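Thanks for sending this one over. Here are my notes, in the order in which I would walk through the model with you.

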Amino acid sequence: MKVLVIGGGAREHALCRSLSQDPAVSELHCAPGNAGIAQVATVHPVDQLDGTAVTALARQLAADLVVVGPEAPLVAGVADPLRAAGIPVFGPSGEAAQLEGSKAFAKDVMAGAGVPTARSYVCTTAEEAAEALDAFGAPYVVKDDGLAAGKGVVVTADRTAALAHAASCDRVVIEEYLDGPEVSLFAITDGTTVLPLQPAQDFKRALDGDAGPNTGGMGAYSPLPWAPEGLVAEVLETVLQPTVDELRRRGTPFSGLLYAGLALTSRGTRVIEFNARFGDPETQVVLARLRTPLAGVLLAAANGTLADLEPLRWDEGAAVTVVVAAEGYPAAPRSGDVIEGLEKAEAADGTVWVLHAGTRLDEQDRVLSAGGRVLSVTATGGTLAEARDRAYAGVAEIALEGSQHRTDIALKAAQQG
């Protein structure tokens, strides 16, 4: 099988790493890729938002499967011309991807599907925003209706800051605050059958103790020793399957990766948001634990044959990923710095590896930083504590001037588990 992955971040590196280990994959390509992905796949320049260009590349490579990683190409409808050309594609149509592209659309789908979520108002004026904030009270939750690379949400007790964020967006969703721990649950679907993966938890805030600004995610771990028994089955029944069924009923079937961001509140499980693709950095730990070869699962979703698959196999151990970010992330990350120690960070026994996010090669083949989140150091172990220790040992080997990372990824869970 010839596979083309679209994207160039750590999520795509994690996908490419898993696909490169799949015996069914004879050729692996990625566009545009990054310095790390180039070690496991042939990289190609492409405008990933240009469906015509992506389709032309897939045809040129005679790809048997195209996997679209990031949200922006999906919302831009890159999967549509691929499907029209008869090329199997893992990723929803542009219309179905509005589940992530528009918070208001997602709320409407959840209402139609009877999915439990926070009460909310859609606001387009300062007056509407002020009324909604006062209706719910602090802490205030203000979400940009459109895509914002994981940084469009402000949760604050400061009413002025909440109003300022609302004013900076064309349209916002203001909703009640959901208490309780958060869980990320991915599900692969062909539009009818829904196959949930193992849950993970990510860390959105930039600094230890969940302080600092919201980011795209500073680390993640799986499994969740504290999660209630039966959580995955419950979410499949009350959230994932009803959402897929509702989208199919509306004539916009969703095929690809449905990501439910959940809050386990005192009143039960609630959906915080949906995404239309693998999450970053949770993908890094979920795929680290997946034992079933990945390509066949993604192809079955693309071809509508998920129901024929055997149950997924999982590693019983744990995985932890720690994001190494550039100085100034998320507000104004610096780039162009040399990264050293990448080989030393990886374990010879395969329990620690480094996934590239914002990296590029210079003329001398040195790896340079080229983004806010630069690397994801990922490790596995028999326990969360072991995986965590290995991940941080890997981080300690990496030299990137001014870089930052959280020191408390999976700490509480490892102490519990």
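1. Let's start with a helix on a sheet. Helix α1 (residues 10-20) lies across β19 and β22, and runs at about 130° to β19. Please keep in mind throughout that this is a predicted model. A second helix, α10 (residues 282-289), also packs on the sheet, where it touches β12, β15 (219-222), β18, β19 and β22. The direction of α10 makes about 150° with that of β18.

2. Now the sheet itself. It is open and has five strands, in the order β12-β15-β18-β22-β19, with antiparallel pairing. Which strands stand at the edges? They are β12 (201-202) and β19, each with a single partner strand, so one side of each has no neighbour in the sheet. As a general reminder, strands of a sheet pair through backbone hydrogen bonds, either parallel or antiparallel.

3. Strand β22 (residues 373-381) deserves a closer look. Nine of its nine residues are buried, so β22 is largely enclosed by the rest of the structure. On one pairing, eight bridges connect β22 with β18 (residues 318-325) in the antiparallel sense. Within that pairing, V323 has S376 as its bridge partner, while V322 is partnered by V377. On the other pairing, β22 is joined to β19 (residues 352-356) by five bridges, again antiparallel; here A379 of β22 stands opposite V352.

4. There is also an open sheet of four strands, with the order β6-β9-β7-β8 and antiparallel pairing. Its edges are β6 (120-123) and β8 (153-156); each has a single partner strand, so one side of each is left without a neighbour in the sheet. On average, neighbouring strands of this sheet are turned by 20° against each other, direction ignored. Strand β7 (residues 140-144) runs antiparallel to β8, and four bridges join the two. For a specific pair to look up, try Y140, whose bridge partner in β8 is T156.

5. Two helices pack on this four-stranded sheet. Helix α6 touches β6, β7 and β9 (172-175), and its direction makes about 50° with that of β9. Helix α8 (residues 159-167) touches β7, β8 and β9, and its direction makes about 15° with that of β7.

6. How do α6 and α9 meet, and at what angle do their axes cross? The axes of α6 (residues 103-113) and α9 (residues 231-249) come within 9 Å and cross at roughly 100°, which means that α6 is roughly perpendicular to α9. From α6 the contact uses F105, V109, G112 and A113, and from α9 it uses P242, T243, E246 and L247. By class, the residues in this contact are five nonpolar, two polar and one charged.

7. Finally, the nonpolar cores. The largest has 74 residues, and L4, V66, L240 and V320 touch the most other members. Helix α9 supplies the largest share of this core, with six residues. Leaving aside neighbours within four places in sequence, the contacts of L4 are H29, C30, A31, L57, A58, L61, A63, L65, V66 and V67. A second, separate core of 42 residues includes C16, Y259, A288 and A357.

Terms used: Residues numbered from 1 in each chain as written. Predicted model: local features only at pLDDT ≥ 70, side-chain atom pairs only at ≥ 80, totals over all residues. Heavy atoms only, no water. Axes fitted to C-alpha atoms, helices over the stretch in contact; angles between N-to-C directions. Parallel < 35°, antiparallel > 145°, perpendicular 65-115°, else oblique. Contact = heavy atoms within 4.5 Å. Nonpolar A, V, L, I, M, F, W, Y, C, P; charged D, E, K, R; others polar. Core = buried A, V, L, I, M, F, W, Y, C linked by side-chain atoms within 4.5 Å. Buried < 20%, exposed > 50% of the residue type's maximum accessible area, 1.4 Å probe, protein only. Pairing = 2+ DSSP bridges.
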